[in-house]
Amino acid sequence: MRPLAMLRWAAVALALALAALLVAAPAAAFYLPGVAPNDFQKKDQLLVKVNKLTSTKTQLPYSYYSLPFCKPNTIVDSAENLGEVLRGDRIENSPYVFEMREPKMCQIVCRAQVDDKQAKELKEKIEDEYRVNMILDNLPLVVPIARQDRDAVVYQGGYHVGVKGQYAGSKDEKVFIHNHLTFLVKYHKDETTELSRIVGFEVKPFSINHQFEGQWNDKNTRLITCDPHASKLVTNSDTPQEVEAGKEIIFTYDVGFEESDVKWASRWDTYLLMTDDQIHWFSIVNSLMIVLFLSGMVAMIMLRTLYRDISRYNQLETEEEAQEETGWKLVHGDVFRPPENSDLLCVCVGTGVQFFGMLLVTMIFAVLGFLSPSNRGGLMTAMLLTWVLMGLFAGYASSRFYKMFKGSEWKSITLRTAFLFPGIAFCIFFILNALIWGEKSSGAVPFTTMFALVLLWFGISVPLVFVGSYLGFKQPAIEAPVKTNKIPRQVPEQAWYMNPAFTVLIGGILPFGAVFIELFFILTSIWLHQFYYIFGFLFLVFIILIITCAEITIVLCYFQLCSEDYNWWWRSYLTSGSSAIYLFLYAGFYFFTKLQITKLVSGILYFGYMLLASFAFFVLTGTIGFCACFWFTRLIYSSVKID
């Protein structure tokens, strides 16, 4: 196929896949923080939206209206982008409607009769500590909690559906629902225009067994337990509402407004800095400084040692001196011999280049502020789109190395690059999604989104891999700086500390050490549903990871070549890639020490996704180490005179 025809095919496929993506996710729009604030006049309507129910104990989100909460006349789903759907977000309207700067007290939402099935579901959700998530003007609802150890307030996302407790003088544990919500809307007012912008959305939930006199009337019923006319407001849960089949639950709310000095551009600061103590930041910086210092020392030692070796080799004058010499120069005739399973190595390197490009571009955009936390799902959407677009570089890298290894079937290597890792990831994702679907969770990805993902894969990624592979294979083959002998040299017996398994496992410790503190925050963000927006630190850690992977692989490769073992291709990939083993082990440690997951399905989901993440980390770090080692070996063997 001609290059022009291939480019046209890729362009058409790109257009079709993007069209399908837009149909499946119509809200995936560009958003730059700070450019689209909403101004409200007094008495303007404020529409509260509800999101999924979440629990750190089950990790299975559910729709808000899966429980017997009050419903509006018509439930309207908000348009969601691809990332929101994959996260399990289900944003819908609610019966909670406020008026800007108009406080309301003891507003009745509805009265619900709970049957056996609904009571059972409520008890299960309260037992699993599910939280209700709401949104007002794109701000998530938070619960202020006073810190006991110091005079400070922290915020937790969403409020608990209910609590378990006991009546005074009774030992029987009962389940109570939070049916009264005291909202607080914080706003920043413009002194000149009198317009207001919402900068905070808080709630205090209460459980109260409401009572009323006479016949129930949806519009005119006055509650005995909550009556602003009688100055009787809900301030505690001394008479809680028990969850029992056949009992009525009356849902009520208050809403207050408070002027704030926080400006609209800074309203997310409270959310993003809600739970991290300063000592955590000092720990991160300290670990980064240690890794930088160790990397600098390793680099200095390597440069001095190599300079001495190269100078000595180039000063050898007689053939007898050259024959008596030992070290990495002696294996120059075998060091660039193609390794076993070279095709698989090319595929792994190409996939690693794709991951590297995706992470680099995504983090640069995140650091510059283009991926605001207010654009829910924006980060995941950006990562997916960047991944498929980076297929061009994956195909190019794999075909370049494939041609260097004297390969001739470029279409074969292209297909494997396009389908190996995405195929494994899709199979794992499909199985996990089937488990989520079996639990009737809103986190199950619907068929239309699955179809959009397949279109992204086959419509954009695969054609771009083919284009990149075609362009890479048309380039001249990478020439080795030295000739390769026809007969392989025998590798001498190695010392115990140069055993491949030992060096590979040792090599993965330092790269993992560079990221494990940051990994704690990432896992906490994902599995404990906390906000994470420290992309500046994350980008710095990513740079440190690159340097660490490169240097530890180069050092161990140098020792291996000095021991006259020239089989460095796969070992260089596995040396830094073995850090993924420690990542998965740390994920297991985190599971048993930080999480309270008890359901088997939830545990399978956790380890399934962490296995996928570890596999991706293996491909990424292995490719970084391999490319650094490839550059290093070409550099040193092109610097000495070979007779």
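Hi everyone, this is a short walk through one protein chain, from the whole fold down to one helix and one serine.

Please keep in mind that we are looking at a predicted model. The chain has 643 residues, and 50% of them count as buried. There are 17 helices and 13 strands to find your way around. If you take the contacts with a separation of 6 or more, 81% of them come from residues 24 or more positions apart. As for the outside, the chain exposes about 31900 Å², with carbon and sulfur atoms supplying 60% of that.

Let's zoom in on helix α12, which runs over residues 500-507. Which of its residues are buried? They are Thr503, Val504 and Gly507. These residues cover an arc of only 100 degrees around the axis, so they sit on the same side of α12. That fits a general point: an α-helix has 3.6 residues a turn, so residues three or four places apart point the same way. And what do the buried residues of α12 pack against? Their partners are α13 (509-527), α14 (535-562) and α15 (569-577). At the N-terminal end, Asn499 acts as the cap of α12, with a side-chain oxygen 3.0 Å from the backbone nitrogen of Ala501.

My last stop is Ser55, in the loop between β1 (45-54) and α2 (82-87). Is Ser55 buried or exposed? With a relative accessible area of 2%, Ser55 is buried, because the cut-off for that is under 20%. Its side chain reaches the backbone nitrogen of Thr58 at 3.5 Å. Leaving aside residues up to four places away in sequence, Ser55 touches Leu60, Asp128, Glu129, Tyr130 and His529.

Thanks for listening!

Technical notes. Residues numbered from 1 in each chain as written. Predicted model: local features only at pLDDT ≥ 70, side-chain atom pairs only at ≥ 80, totals over all residues. Heavy atoms only, no water. Helix = DSSP H or I, 4+ residues; strand = E, 2+ residues; numbered from the N terminus. Buried < 20%, exposed > 50% of the residue type's maximum accessible area, 1.4 Å probe, protein only. Contact = heavy atoms within 4.5 Å. Areas by Shrake-Rupley, 256 points an atom, 1.4 Å probe, with all protein chains shown as cover. Arc of directions from axis to C-beta. Polar contact = N/O pair within 3.5 Å; in protein donor to acceptor, adjacent residues only side chain to side chain.
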